[in-house]
Amino acid sequence: MPHNIQISMSWLLRYLKPVKGRMAALLLLLLTSTALQLINPQIIQRFIDTAAESGVVSGLLALAGMFLAISVCQQLITVGLSYLGNDVSWRATNQLRADLLKHCLRLDMRFHNLKTPGEMIERIDGDVTNMSNFFAMFIVQIVGSFVLLTGILGFMFVTSWPIAIVMTVFTLVSIGVLVCIRDLGVQTSQAERAASASLFGLIEERIAGIEDVQANGNVPYVMNRFHHAMRAVFVHGRKAWMLRVVPWNTTVILFSFAVTVVLLMGVHFYLTRQITLGMLFLIFQYTQMLNEPIEQLGNQMQEFQRAKSGLRRSGELLAIRSEIDDGIRQTMPDGALSLEFDQVHFSYKEDKPVLHNITFSLGPGERLGIIGRTGSGKSSISRLLLRLYNTNSGTIRIGGEDIRSLRLDTLYSRIGMVTQDVQLFDGTLRDNLTLFDERISDHRIIETAQRLGLHTWIEALPGELDGHLSSGGASLSAGEAQLVALTRVFLTQPSLVILDEPSSRLDAATESALQSAVDQLMQQCTGIIIAHRLSTLEKADKIMVLGQGRILEFGSRESLAGDPFSHYAKLLAAGSQEELA
Ligand SMILES: Nc1ncnc2c1ncn2[C@@H]1O[C@H](COP(=O)(O)OP(=O)(O)OP(=O)(O)O)[C@@H](O)[C@H]1O
């Protein structure tokens, strides 16, 4: 447990460090407000006693004016406190959100394959929102509450020590109870956050697949699962809330006892003329005020539990290490890059090997066509090249360098890939082509589009480069999105390009127009083309035929085409790669 508190505290301090100036201002405001809070009852006590002794009216007016001024100041400080508190909490938690997102974006695909985007949203935003109040107010309110408590008890000892002793005992018992039961709701709060993340995951998954859900009449089934997920959130949420309010309820009960005892003692002292009426009021007022810091501590305990569950979940997320370690080399040979696979074995899941002993090499500028039946492992080869996964064994070298030794940004700056699933982002066509890189000029975009024969298509789009595209593929057809992806890749002038069935969604006329442009652009780089249509491979230098994760055939296209017994020649004769079976 102390270890957990240590983690929470070190986290807290890490994210609060950049806002320490504001925190100091927050604390100062709080101390001022506490001091004013303590002074006001004293003024009323004097007011009552002066009035009871039939004091002068001018003295009473001065006391009333002072009371009013202090009350107004205190309200103004409360507004300032609330503003600064929110400001600090947003600044500190936004930094945590940014850290979580950056971390998740770097995690490997094995992690992401198991998580839905909805769940990730909950972890990056929901969990953090849960701790935002804690971030801003925890330290400040804990310090503030203790200062207020000490102030009240100090004044009470001056006014009446027997009553002060009762109040001190009550305070210590309340704090002791709070400390003992502070972790009561942490685990259930954690379960509540997990259930909420699952609910978001479910909603996101179904909304993302809305076409399939509607077309297959799946709405009742989705609603059923939705109700189950909601019920889990409700059940865990109710339990967590119940356990979180226990500390608060405990202090309220203890407080009722304390107030009764103190009031009885106060009335007794007044009747035996040991204290004045004003002092009786002061005792009553301070007893009431005592509840505030203790309740505050109870609330902060509740926040602490909620926050701790969020902190734990975020801490767990940040502790997950990507299986992809970044390399250190930042340089690669200029120009087209050679590629070598050396006895590469790979599996997504331990018990199901996907690639077996893949060994081949390509010289700089060579073009490889990969063909094979669905599920034979073609895309897996490109995913390994891009280090989306690590190989189980074997080595991949690009430009003579083991890709594990290269820095990922160096690797990605030299490799481009177009897949069948193109991701569009919310932004202009220009943003989607340059991926928000402002260094790429319109001139370069138009030039590349012209070379790919796409400029007429761009000109026909409303707004041309400024035309707005929305994410999720609502604005372009699948074929058009592929054209965007092709232009996007060639704008980065890669030294190695992987085209994963790049023209699968284009009509025959667009495909052949594009083919010559791609041929031209690929003259400056090494290329891998994963193809379903044999016609796409007419310009390939080498051909690889994959079957069930093994290389069935690898060689120059011409020699394979000339060998009547080769798979490739048989495919050419049959005119379809389905013959590969
Ligand atoms: N994320 C994944 N997790 C587990 N198994 C996977 C994953 N992706 C692919 N596989 C499995 O790996 C094998 C090879 O898949 P891969 O996508 O490389 O095939 P492919 O030849 O590119 O197929 P296609 O022509 O349909 O795109 C398949 O059996 C597939 O089920």
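**View 1. Leu-81 sits in helix α3, which spans residues 57-106.** The model is predicted. Leu-81 is buried because 20 other C-beta atoms lie within 10 Å, and 20 or more is the cut-off for that label. Setting aside neighbours within four places in sequence, Leu-81 contacts Leu-26, Leu-29, Leu-30 and Ser-33. Leu-28 is 53 residues away in sequence, yet its C-alpha lies 9.6 Å from that of Leu-81.

**View 2. Helix α2 covers residues 20-52.** Its 33 residues reach 49 Å from the first C-alpha to the last. That is close to the 48 Å expected at 1.5 Å a residue. Buried positions in α2 include Leu-26, Leu-29, Leu-30 and Ser-33, the four residues that Leu-81 touches. Thr-34, Pro-41, Gln-45 and Phe-47 of α2 are buried too.

**View 3. Four spans carry the UniProt annotation "transmembrane region".** The annotation comes from an unreviewed entry and covers residues 57-84, 134-157, 163-181 and 248-271. Residues 57-84 are 100% helix and 0% strand, with end C-alpha atoms 41 Å apart. Residues 248-271 are likewise 100% helix and 0% strand. In that span the end C-alpha atoms lie 34 Å apart.

**View 4. An open sheet of 4 strands runs in the order β2-β1-β4-β5.** The pairing is antiparallel. Strands β2 (352-362) and β5 (401-402) stand at the edges. Each has a single partner strand, so one side of each is left without a neighbour in the sheet. At the β5 edge, strand β4 (residues 393-398) pairs with β5 in the antiparallel sense over 2 bridges. Arg-397 has Asp-402 of β5 as its bridge partner. Helix α12 (residues 378-385) packs on the sheet. This helix touches β1 (339-349), β2 and β4. The direction of α12 makes about 70 degrees with that of β2.

**View 5. Strand β9 (residues 496-500) is mostly covered.** Of its 5 residues, 5 are buried. In general, side chains in a regular strand alternate between the two faces of the sheet. In β9, Leu-496, Ile-498 and Asp-500 lie on one side. Val-497 and Leu-499 lie on the other. Both faces are covered.

**View 6. Strand β9 pairs with β6 and with β10.** Strand β6 (residues 415-418) and β9 pair in the parallel sense over 4 bridges. Here Ile-415 has Leu-496 of β9 as its bridge partner. Strand β10 (residues 526-530) is joined to β9 by 5 bridges, and these two strands also run parallel. In β10, Ile-528 is the bridge partner of Ile-498.

**View 7. The largest nonpolar core holds 61 residues.** Ile-370, Leu-486 and Ile-543 touch the most other members. Helix α17 (residues 478-491) gives the most to this core, with 7 residues. Apart from this core lies another, of 42 residues. Its members include Phe-134, Ala-164, Met-167 and Val-262.

**View 8. Ile-543 is one of the three residues that touch the most other members of the largest nonpolar core.** Not counting residues up to four places away in sequence, Ile-543 touches Gly-369 and Ile-371, among others. Leu-537, Gly-555, Arg-557, Leu-560 and Tyr-568 are also contacts of Ile-543.

Note on methods:
Residues are numbered from 1 along each chain as its sequence is written. This is a predicted model: local features need pLDDT of at least 70, side-chain atom pairs count only at pLDDT 80 or more; totals for chains, interfaces and linings use all residues. Two strands pair if DSSP finds at least two bridges between them. Two residues are in contact if their C-beta atoms, placed from the backbone, lie within 7 Å. Axes are lines fitted to C-alpha atoms, for helices over the stretch in contact, and angles run from 0 to 180 degrees between N-to-C directions. A nonpolar core is a set of buried Ala, Val, Leu, Ile, Met, Phe, Trp, Tyr and Cys residues joined through C-beta atoms within 7 Å. A residue is buried if 20 or more other C-beta atoms lie within 10 Å of its own, exposed if 12 or fewer, and partly exposed in between; C-beta atoms are placed from the backbone. The expected span of a helix is 1.5 Å times one less than its number of residues. UniProt positions are given in the numbering used here, feature names are shortened, and annotations may be inferred rather than shown by experiment.
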